[in-house]
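Subject: Structure for your review

Dear colleague,

Please find below the structure that I am handing over to you. My findings follow directly after it.

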Amino acid sequence: AVVSTQSTGVCLGDGTKIVYTTSLTSHFPAFDLLQPSKRSLFCTTGSFPQEVILQFTHVLNLISLDIVSSYVKTLSLYRTVKDKPEKWEPMKTYMFEEDDANLQRNTLNLHAVTATHLKIVIAAGYGNFVALYNLDIKSKDVSSTL
């Protein structure tokens, strides 16, 4: 995941962590979402829903999420400003177009909502498994706007 501050991205070096995932596989770990490599991916282990929770080092204004995936049908986003990943507030649910020949590339407008954690829930896929290849979160540091 690349999270940019000052309208740039969130990356591994900025302290963003994956603190929870429903799928665990050593070949395609969720940790790969935090790698800048285009060759890494996170593959689910089947059944839905699937969840990934990102934790930021501090409160951010989330502007947009660019997501590269395959076989994702329904994806929902939740956020919290709590210190722990709890008391989730729903943001929006998205329906992605099916494309067997290409990767799904979607930019989701997050409307500068504040968050310390972001939960990504994949409720349905076009197949038994889905893959997330890259997350790029555009954000602004809340402390720089105070």
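Lys119 is buried yet takes part in no salt bridge. The nearest side chain of opposite charge belongs to Glu51, at a distance of 4.2 Å. Because a salt bridge requires a side-chain nitrogen of Lys or Arg within 4 Å of a carboxyl oxygen of Asp or Glu, the approach of Glu51 at 4.2 Å is not counted as one. Please bear in mind throughout that this is a predicted model.

What lies around Lys119 in place of a salt bridge partner? Leaving aside neighbours within four places in sequence, Lys119 is in contact with Glu51, Val52, Ile53, Ser76, Leu77, Tyr78 and Trp88. Tyr78 deserves a separate remark: Lys119 lies over the face of Tyr78, at 5.3 Å from the ring centre. Pairs between aromatic rings, by contrast, number zero in the structure.

Strand pairing around β7

Lys119 is part of strand β7, which spans residues 104–125. Strand β4 (residues 50–70) runs antiparallel to β7, and 15 bridges join the two. Within this pairing, Val52 has Ile120 in β7 as its bridge partner. Strand β5 (residues 72–80) is likewise antiparallel to β7, with eight bridges between them. Here Arg79 stands opposite Leu118 in β7.

Two further residues of β7 may interest you. His117, which also lies in this strand, counts as buried because its relative accessibility is 1%. The C-alpha atom of His117 is separated by 6.3 Å from that of Pro85, although the two residues are 32 residues apart along the chain. Ala112, another member of β7, has a positive phi of about 55 degrees although it is not a glycine. Ala112 counts as partly exposed, at 40% relative accessibility.

Further backbone features

Most residues other than glycine have a negative phi, and most peptide bonds are trans. Besides Ala112, a positive phi is found at Lys87, where the value is about 50 degrees and the residue is again not a glycine. Lys87 sits in the loop between β5 and β6 (89–95). With a relative accessible area of 61%, Lys87 is exposed.

The peptide bond from Phe48 to Pro49 is cis, with omega near 5 degrees. Pro49 belongs to the loop between β3 (42–43) and β4.

Salt bridges

How many salt bridges does a search of the whole structure find? The search returns three. Side chains of opposite charge can pair when their charged atoms come close.

One of these salt bridges is formed by Lys138 and Asp66, whose closest N and O atoms are 3.8 Å apart. Lys138 lies in strand β8 (residues 131–141) and Asp66 in strand β4, so the pair ties together parts that are 72 residues apart in sequence. Lys138 is partly exposed at 23% relative accessibility, and Asp66 is partly exposed at 23% as well.

Lys138 also meets the side chain of Asp136 in a salt bridge, at 2.6 Å from N to O. Asp136 counts as buried, with a relative accessibility of 16%. Asp66, Asp136 and Lys138 are thus linked in a network of salt bridges.

A salt bridge also joins the side chains of Arg79 and Glu89, at 2.9 Å from N to O. Since Arg79 lies in strand β5 and Glu89 in strand β6, this pair ties together parts that are 10 residues apart in sequence. Arg79 counts as buried at 14% relative accessibility, whereas Glu89 is partly exposed with a relative accessible area of 36%.

The chain as a whole

The secondary structure of the protein chain comes to zero helices and eight strands. From the N terminus on, its elements therefore read β-β-β-β-β-β-β-β. Of the 146 residues of the protein chain, 45% count as buried. Among the contacts in the chain with a separation of 6 or more, 75% are between residues 24 or more positions apart.

To return to the opening point: which residue is nearest to Lys119 among side chains of opposite charge, and at what distance? It is Glu51, 4.2 Å away, and Lys119 remains buried with no salt bridge.

With kind regards

Technical notes:
Residues are numbered from 1 along each chain as its sequence is written. This is a predicted model: local features need pLDDT of at least 70, side-chain atom pairs count only at pLDDT 80 or more; totals for chains, interfaces and linings use all residues. Side-chain values use heavy atoms; hydrogens and water are left out. Rings of Phe, Tyr and Trp (its six-membered ring) pair if their centres lie within 6.5 Å; planes under 30 degrees apart count as stacked, over 60 as edge-to-face and the rest as tilted. A charge sits over a ring if NZ of Lys or CZ of Arg is within 6 Å of the ring centre and within 35 degrees of the ring normal. Two strands pair if DSSP finds at least two bridges between them. Helices (H or I, at least four residues) and strands (E, at least two) are DSSP runs, numbered from the N terminus. Buried means under 20% relative accessible area, exposed over 50%, partly exposed in between (1.4 Å probe, protein chains only). Lys and Arg count as positive and Asp and Glu as negative; His and the chain ends are not counted. Contact means heavy atoms within 4.5 Å.
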